Amino acid sequence: MMQIIVVLAILVVLGVYLVWQLRRRAKGSSSPSANEQSSSPPVHEQSIPPFQIVALGVQGSGKTLLLASMYHRLRTPTGQSYFLTTSHADALQLNHWFSQMADTASADGWPPGTAKGESRHFSFTVKTRTADGALPVLRLNYLEYAGELLTEPQAPGSTVQEELLAHIEEADALIGIIDGNHIRQHLDGAAGGLMRLEKTLDALVPIMIEATCPVSFVITKWDLLRDLHPDESTRLELVQDLLTSNDQFRSLVKIHGAARVVRLIPVSAVGPGFATVDSTGRIVKVPEGKVHPTRVDVPLSAVVPDLFDQVEGRLDRDVRSALYAGARRRNQLGPREALAFVSAFAGKVAGQALLAAFGASAATLAWTALLDLFFDSNVNAREQSQTRLDQDLSQAEKHLEDVREARRRVIEDMRRKVGVLEDQLPHSRLS
């Protein structure tokens with residue numbers, strides 16, 4: 001009897017063990033084992049490269065209106081694949097300025113401009129839509145300074161000028177704001193018109209001539225110059241002739257033109273027919289006017305393409321050939337292999353040469369992500385063989401490929417906007 005009980009007990013234990021094993025195997029078949037998991041690495045979250053932009057302009061030149069209108073135009077993906085986001089507080093401020101500008105209830109109710117000695121800092125994330133949602137591609141850190149910081153004595157102990165010079169030295173792009181109304185006044189022969197224009201150039205040119213990054217001169221209030229000539233290209237040519245008649249401006253274009261990008265971008269934060277100049281010389285709103293901003297999206301859209309073109313122009317033929325070959329090779333690889341390839345390429349001679357070509361600004365950029373973005377922006381990289389998104393790719397790999405395709409679209413759209421500007425207005429390219 002005792003033997004029968006022992007046998008039954010053993011059978012029960014074996015039965016429980018077998019059931020446990022079957023359940024364990026069934027559960028294991030629904031998720032990969034440790035070895036299987038290690039063969040499919042987790043998604044590599046690349047850091048987002050930040051680009052530093054410094055905007056300079058004298059008081060009243062239209063910096064605030066330009067910034068508010070730029071954000072309003074680029075906050076949605078209308079007309080391009082990318083859009084800007086910023087902090088909630090900054091978005092509220094920028095939207096408030098734009099609404100105040102667009103409100104015609106008060107004929108001269110404009111947002112307050114940047115005061116002397118004041119600086120403003122906004123950080124924008126450039127995003128694009130993918131199947132998984134909004135994907136961040138890069139960041140644009142926008143610093144806005146009053147030009148008087150460069151020309152007027154500061155209070156004893158003030159370090160504002162030193163901070164500004166440090167930001168300019170690290171900048172990836174400089175934007176000099178030229179008041180279109182000052183150009184209008186000078187061309188009309190108004191008293192003080194030439195003096196105001198020369199004061200602007202005196203503030204901008206000496207510091208920008210030492211820059212090593214791309215430079216854009218943005219002419220604000222372009223709508224006030226509509227009657228200068230019916231053809232806009234001819235209109236810009238006349239303005240270019242006026243600016244290059246200034247010895248300092250002409251020297252900057254000559255010195256920079258051979259090595260880096262210099263642009264002349266006419267913009268209007270409000271568009272034609274919204275504002276006019278009254279008998280006292282004030283800019284006032286036209287009753288029932290409608291805001292239609294003009295080219296306010298171009299200055300920001302040109303930053304990355306101009307920087308990359310300048311960097312590529314600094315490289316010798318052998319390094320460029322190595323970069324083109326690397327771009328083609330990288331675009332023939334699968335997502336995981338492409339990441340490893342870029343990291344390895346950064347340590348090679350061509351990768352180090354590219355880093356050196358970026359200059360001081362490269363220290364502030366995420367190097368691997370920057371190189372990856374540079375490959376996506378390269379003309380030769382567009383001769384790519386598309387990676388096959390077949391069933392062998394993991395979800396993580398498909399995500400990485402989506403990231404690459406999204407970056408290509410964004411850079412291509414940015415280049416397209418610059419191309420449209422140059423096609424319409426050849427005199428916008430000074431270099």
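Okay, let's start with a hole: the largest cavity in this structure has a volume of about 40 Å³. Before I go on, keep in mind that what you have in front of you is a predicted model.

So, what lines the largest cavity? Going along the chain, we have A173, L174 and I175, then P214 and S216, and then P299, A302, V303 and D306. The elements that put two or more residues into that lining are β5 and α11, with α11 covering 303–314. Strand β5 gives the largest share, three residues. If you sort the lining by class, you get seven nonpolar residues, one polar and one charged.

How many cavities of 30 Å³ or more does the structure hold? Two. The second largest has a volume of about 30 Å³. Around that one you'll find L74, Y82, L84, V126, L140, L300, S301 and M414. Strand β2 and helix α10 each supply at least two of those residues. By class, this second lining is seven nonpolar, one polar and no charged. Hang on to V126 and L140, please, since both names come back when we get to the sheet.

From closed spaces to an open one. The largest pocket has a volume of about 480 Å³. It has 27 residues in its lining, and the ones nearest the centre are G60, G62, L65, K221 and I283. Which helix gives the largest share of that lining? That's α3, residues 63–74, with four residues. The classes here are 11 nonpolar, 11 polar and five charged.

Right, the sheet. It's an open sheet of seven strands, with mixed pairing. Reading across, the order goes β2, β3, β4, β1, β5, β6, β7. At the edges sit β2, which is 82–85, and β7, which is 262–266, and each of them pairs on one side only. From one strand to the next the twist averages 25°. As a quick reminder, strands in a sheet pair through backbone hydrogen bonds, and they do it either parallel or antiparallel.

You can see both kinds around β4. On one hand, β3, residues 119–130, and β4, residues 133–146, pair in the antiparallel sense over 12 bridges. A hairpin joins β3 to β4, going through two residues. Two pairs to look up on screen: R129 stands opposite A134 in β4, and V126 stands opposite L138 in β4. That's the V126 from the lining of the second largest cavity.

On the other hand, β1, residues 50–57, pairs with β4 in the parallel sense, over eight bridges. Here F51 has L140 as its bridge partner in β4, and L140 is another residue lining that second cavity. How covered is β4 itself? Mostly: 11 of its 14 residues are buried.

Moving along to β5 and β6, there's a helix to point out. Helix α6, residues 180–187, lies across β5, which is 173–179, and β6, which is 215–220. The helix runs at about 40° to β5.

Last stop, a couple of backbone oddities, both in one loop. E288 isn't a glycine, but its phi is positive, near 65°. Where is E288? In the loop between β9, 283–285, and α10, 298–301. R295 does something similar: it isn't a glycine either, and its phi is positive, about 55°. R295 also sits in the loop between β9 and α10.

So which of these is buried and which is exposed? E288 has a relative accessible area of 69%, so it counts as exposed. R295 comes in at 14% relative accessibility, and because the cut-off for buried is under 20%, R295 counts as buried.

To wrap up, then: two cavities of 30 Å³ or more, one largest pocket of about 480 Å³, and an open sheet of seven strands in which β4 is mostly covered. If you want to rotate the model while we talk, try putting L140 in the middle of the screen: F51 is its bridge partner, and L140 also helps line the second largest cavity. Okay, that's me done, so over to you.

Terms used: Residues numbered from 1 in each chain as written. Predicted model: local features only at pLDDT ≥ 70, side-chain atom pairs only at ≥ 80, totals over all residues. Heavy atoms only, no water. Pairing = 2+ DSSP bridges. Axes fitted to C-alpha atoms, helices over the stretch in contact; angles between N-to-C directions. Contact = heavy atoms within 4.5 Å. Buried < 20%, exposed > 50% of the residue type's maximum accessible area, 1.4 Å probe, protein only. 1 Å grid on protein atoms, 1.4 Å probe; cavity = no way out; pocket = protein on both sides within 12 Å on 5 of 7 lines; lining within 4 Å. Points joined across faces, edges and corners; volume = space filled by probe spheres on them. Nonpolar A, V, L, I, M, F, W, Y, C, P; charged D, E, K, R; others polar.
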